[in-house]
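Biologist: Could you walk me through this model slowly, as you would with a first-year student? I would like to hear the reasoning behind each term.

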Amino acid sequence: MAIFVSTVVGLMLAASVVNAEQVKNYRMCQNTNCDVYDLFVDPCPEALENQACELPQTENVSIAFKYKPKFGSNLPKARVSAEIFMLDLPFILNTNTNACLYTNCPVVKDTEQNWLYNFFVSKNFPRTSYTIRFKFWDTEPIAHSDDPQCCFKFEIKIV
Ligand SMILES: *[C@@H]1O[C@H](CO)[C@@H](O)[C@H](O)[C@H]1NC(C)=O
């Protein structure tokens with residue numbers, strides 16, 4: 001199963017990378033227990049000028065990155081949210097907290113892994129700026145502040 005999922009994520013990464021640009025303007029959350037690197041967003045031509053990605057309504061977007069966690073997890077949970085005016089909104093209809101949909105499970109400590117998150121930008125999403133936050137953690141339905149977790153964020157604009 002792990003090999004199958006790995007192959008699927010690998011193919012999706014290969015397919016998704018065609019129009020992707022590397023985003024360097026991201027920052028780790030406080031108390032994060034991982035390294036995150038090679039963040040690619042498709043589409044994001046703005047990244048070439050170090051500007052926030054402009055994601056058009058009614059288009060598919062993919063976000064891919066590599067990470068190396070300082071913790072392992074058999075059943076990692078995830079939350080992708082958009083912060084707007086300090087409010088934390090579940091992002092773009094996708095509230096599935098099963099992190100294994102986006103990365104290979106189990107998550108293995110000190111091992112480089114890929115993450116791929118695809119979503120459709122609905123018309124319901126107001127055209128404004130957001131901070132997207134990715135967070136995943138081990139098993140608990142809700143992350144407690146002292147649980148090992150991996151979290152980072154970056155700016156986007158829905159256009
Ligand atoms: C977005 O992706 C879905 C699922 O792959 C596809 O059916 C749809 O045509 C895509 N929409 C656009 C605008 O590319």
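Biologist: Leaving aside its neighbours within four places in sequence, which residues is Cys 53 in contact with?

Modeller: Good place to start! Once neighbours within four places in sequence are set aside, Cys 53 is in contact with Val 23, Val 41, Cys 44, Glu 46, Ala 47 and Ile 156. A contact requires C-beta atoms within 7 Å, so each of those residues meets that cut-off with Cys 53. Please keep in mind that this is a predicted model.

Biologist: What makes Cys 53 part of a nonpolar core?

Modeller: Membership asks for a buried residue of a nonpolar kind, joined to others through C-beta atoms within 7 Å. The largest nonpolar core has 33 residues, and Cys 53 is among those that touch the most other members, along with Val 23, Val 41, Phe 65, Trp 115 and Ile 132. Cys 53 therefore counts as buried, with 20 or more other C-beta atoms within 10 Å. Strands giving two or more residues to this core include β3 (34-42), β4 (53-55) and β5 (60-69). β10 gives the most, with 6 residues.

Biologist: How do you know that β5 and β8 are paired?

Modeller: Pairing takes at least two bridges between the strands. β5 and β8 are joined by 8 bridges, so they qualify, and they run antiparallel. One of the residues involved is Phe 65, whose bridge partner in β8 is Trp 115.

Biologist: Where do β5 and β8 fit in the sheet order?

Modeller: They belong to an open sheet of 4 strands, ordered β1-β3-β5-β8, with antiparallel pairing.

Biologist: What makes β1 and β8 the edge strands?

Modeller: Each of them, β1 (21-22) and β8, pairs on one side only. In the protein chain as a whole there are 1 helix and 10 strands.

Biologist: Why is Asn 31 called exposed?

Modeller: The cut-off for exposed is 12 or fewer C-beta neighbours within 10 Å. Asn 31 has 11, so it counts as exposed. Asn 31 sits in the loop between β2 (26-28) and β3. Its phi is near 60°, a positive value in a residue other than glycine.

Biologist: And Asp 110, why is that residue exposed?

Modeller: Try the comparison yourself: Asp 110 has 11 other C-beta atoms within 10 Å, so it is exposed too. Asp 110 lies in the loop between β7 and β8, and its phi is also near 60°.

Biologist: What makes the bond between Cys 105 and Pro 106 a cis peptide bond?

Modeller: Look at omega: for the bond joining Cys 105 and Pro 106, omega is about 0°. Pro 106 is in the loop between β7 (87-90) and β8. A cis peptide bond also joins Asp 42 and Pro 43, with omega about 0°. Pro 43 lies in the loop between β3 and β4.

Biologist: Which residues are around the ligand?

Modeller: They are Thr 58, Glu 59, Asn 60 and Phe 120. By class, this shell has 1 nonpolar, 2 polar and 1 charged residues.

Biologist: How confident is the predictor in the protein chain?

Modeller: The average pLDDT is 84, and 82% of the residues score at least 70. Over residues 1-5, however, the pLDDT is below 50, and this stretch has 2 contacts beyond near neighbours in sequence. Where pLDDT is low, the predicted coordinates should not be read in detail.

How values were computed: Residues are numbered from 1 along each chain as its sequence is written. This is a predicted model: local features need pLDDT of at least 70, side-chain atom pairs count only at pLDDT 80 or more; totals for chains, interfaces and linings use all residues. pLDDT is the predictor's confidence in each residue, from 0 to 100. A residue is near a molecule or strand if its C-beta atom, placed from the backbone, lies within 6 Å of it. Ala, Val, Leu, Ile, Met, Phe, Trp, Tyr, Cys and Pro count as nonpolar, Asp, Glu, Lys and Arg as charged, and the others, Gly among them, as polar.
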